Amino acid sequence: SKTISKCYVQVTGMTCASCVANIERNLRREDGIHSILVALMAGKAEVRYNPAVIHPAAIAELIRELGFGATVMENCGEGDGILELVVRGMTCASCVHKIESTLMKTNGVLYCSVALATNKAHIKYDPEAIGPRDVIQVIQNLGFTTSLVKKDRSASHLDHKQEIRQWKRSFVVSLVFCIPVMGLMIYMMVMDSQLSDAHAHHNMSTEEMEALHSSMILEYQLLPGLSVMNFLSFLFCVPVQVFGGWHFYIQASRALRHNTANMDVLVVLATSIAFLYSSIILLVAMAERAKVNPVTFFDTPPMLFVFISLGRWLEHVAKGKTSEALARLISLQATEATVVTLGPDNVLLSEEQVDVELVQRGDIVKVVPGGKFPVDGRVIEGHSMVDESLITGEAMPVTKKPGNTVIAGSINQNGSLLISATHVGADTTLSQIVKLVEEAQTSKAPIQQFADKLSGYFVPFIVAVSVVTLFAWIIIGFVDFEVVEKYFLGYNKSISAAEVIIRFAFQASITVLCIACPCSLGLA
């Protein structure tokens, strides 16, 4: 008997089913080639050949002559089938040994391991020689019940609804509390400018007097050192810090536990420091019964959280859209197939319903009118029209007669067909498309990888810069107090120079943190 070897060739440049037919037709004519099977989406040809007559490099060359790119794939393990089974009825290690040894003796099984504790069996096999149903039959003949590990067909891992909800909630909470804080802030700014104008002119009009009074209301001290403005800002800031920032805190703590610093760490750092610093400054002012209201940063956390949670919310909405498309694709796959046994002259001897995962290459599958094709295959018998719009986008049904190829997931319309399965399981066109979309989603764009890498350095860098700012200003202050005095407005003569310097230094370093935190990188 002639020895027959198998090789895989990666084929590029195929655009449609006629390319596939072209390659298959031309190569079948060549000497030494036993059979060839081309998968369009995977861009892969599986060739069985006689090594005495022809070798893989020559096969690749033949495909290149047809105008396609072709390279021989080294790792031939690609073609191995993998089977995960649940085996019931095992009681001890000898059962495990019995199953494993029997399977390993079976022709076509390459590797097998059975775990008693989990009742699972993991089997690698050669789809040319044996199929999943044969393996299951072998195990059942030994007296165990066995079934496939059920795959999650609902694609629930693609569901972003929960994240969308949580970021939306976080955004809305931050927004509700952010608006009043921003309003107060803008109002104060406008009033301050009006007041400074008035002071410049010395003569005040009545409106300006009123303006003075209304801004006095906000500056009015409920307790010594605690102004209405600061008190309101504090009240609005607390809920945002707790509810708006909840998810940021969780994610930042996770990142820090793994010794990495991401955007969340910066957001949390900046908002927490701004919040804590402002609260402490207020307490100090109240303890000192200060006449001048301290400058606080209560406006920072709400505004930051608003922008960033809006960004996250939009991001998850976008992700949800692509995932929805994927989930729809997955739902197009048939779940069951009718496998038939044929006698001489294609007489139907028997038929049985099996799970799609159990259909083997070379099985004869019957597809009734209105049914979905469970696997990719070739028509053996029957004539029909088939709706292949899921792959081609072509609304008109395509005629199928013996010898034509059919695509899994497409819909048979009026005639009953018998097909021979050529690509099953993960090799069908539909599975390959799903796999490509999934890969496209999980792989990052090069620019995104770069940004992630940068933000890893960016966070420690910013923290370092703000610490440097803090110490730099403390040193400047103690060396030359005039500079600080010039920039530190509303500085109260009643507090010591040292305290002024330290307050000013803190203010500068926090400003650095807060400004760098929603850096364009993170928002983008």
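**View 1. Strand β19, a strand that is largely enclosed.** Seven of the seven residues of β19 are buried, so the strand is largely enclosed by the rest of the structure. Bear in mind for this and every other view that the model is predicted. Zoom in on A421, which sits in β19: at 3% relative accessibility it counts as buried, because the cut-off for buried is under 20%. Leaving aside neighbours within four places in sequence, A421 is in contact with V359, Q360, R361, G362, D363, V375, D376 and G377. Take D376 from that list: 45 residues separate it from A421 in sequence, yet their C-alpha atoms are 6.0 Å apart.

**View 2. The open sheet around β19.** Six strands make up this open sheet, in the order β12-β11-β13-β19-β14-β17, with antiparallel pairing. Which strands stand at the edges? They are β12 (348-355) and β17 (405-406), each with a single partner strand, so one side of each has no neighbour in the sheet. As a reminder, strands of a sheet pair through backbone hydrogen bonds, either parallel or antiparallel.

**View 3. The two partners of β19, bridge by bridge.** On one side, β13 (residues 364-367) pairs with β19 (residues 417-423) in the antiparallel sense over four bridges. Here V367 has L417 as its bridge partner, and K366 has L418. β14 (residues 376-381) also pairs with β19 in the antiparallel sense, this time over five bridges. Look for L418 again here, since it is the bridge partner of E381.

**View 4. A salt bridge between β12 and β13.** E351 and K366 form a salt bridge, with their closest N and O atoms 3.0 Å apart. E351 belongs to strand β12 and K366 to strand β13, so the pair ties together parts that are 15 residues apart in sequence. Is E351 buried or partly exposed? Its relative accessible area is 43%, so it is partly exposed. K366 is worth a second look, as it is also the bridge partner of L418 in β19.

**View 5. Helix α1 tied to strand β14.** Nine salt bridges turn up in a search of the whole structure. One of them joins E24 and R378, whose closest N and O atoms are 2.9 Å apart. With E24 in helix α1 (residues 17-28) and R378 in strand β14, the pair ties together parts that are 354 residues apart in sequence. E24 is buried, at a relative accessible area of 6%, whereas R378 counts as partly exposed at 24%. Add R28 to the picture as well: salt bridges that share partners join E24, R28 and R378 into one network.

**View 6. A buried salt bridge, E388 with K400.** The closest N and O atoms of E388 and K400 are 2.9 Å apart, and the two form a salt bridge. E388 lies in the loop between β15 (384-387) and α11 (389-392), while K400 lies in strand β16 (residues 398-400), so parts that are twelve residues apart in sequence are tied together. Both E388 and K400 are buried.

**View 7. T429 and its contacts.** T429 lies in helix α12 (residues 429-442). Its relative accessible area is 13%, so T429 is buried. Not counting residues up to four places away in sequence, T429 touches M41, D376, I391 and I407. D376 is in contact with A421 too, which links this close-up to View 1.

**View 8. Aromatic rings, W473 against F504.** The whole structure holds six aromatic pairs. For W473 and F504, the ring centres are 4.8 Å apart and the planes sit at 85 degrees, so this pair is edge-to-face. The pair links distant parts of the chain, with W473 in helix α13 (residues 446-479) and F504 in helix α15 (residues 497-516), 31 residues apart. Both W473 and F504 are buried. Elsewhere, ring pairs link W167, F248 and F305 into a cluster.

**View 9. A nonpolar patch on the surface.** Y220, L222, L223, F231 and L235 make a nonpolar surface patch of about 480 Å². The elements giving two or more residues to the patch are β9 (221-223) and α7 (228-244). Y220 comes from the loop between α6 (206-219) and β9. At a relative accessible area of 52%, Y220 is exposed.

Key
Residues numbered from 1 in each chain as written. Predicted model: local features only at pLDDT ≥ 70, side-chain atom pairs only at ≥ 80, totals over all residues. Heavy atoms only, no water. Patch = residues over 30% accessible without salt bridge, like charges linked within 9 Å, V, L, I, M, F, W, Y side chains within 5 Å. Areas by Shrake-Rupley, 256 points an atom, 1.4 Å probe, with all protein chains shown as cover. Salt bridge = Lys/Arg side-chain N within 4 Å of Asp/Glu carboxyl O. Buried < 20%, exposed > 50% of the residue type's maximum accessible area, 1.4 Å probe, protein only. Contact = heavy atoms within 4.5 Å. Pairing = 2+ DSSP bridges. Phe/Tyr/Trp six-rings, centres within 6.5 Å; stacked < 30°, edge-to-face > 60°.
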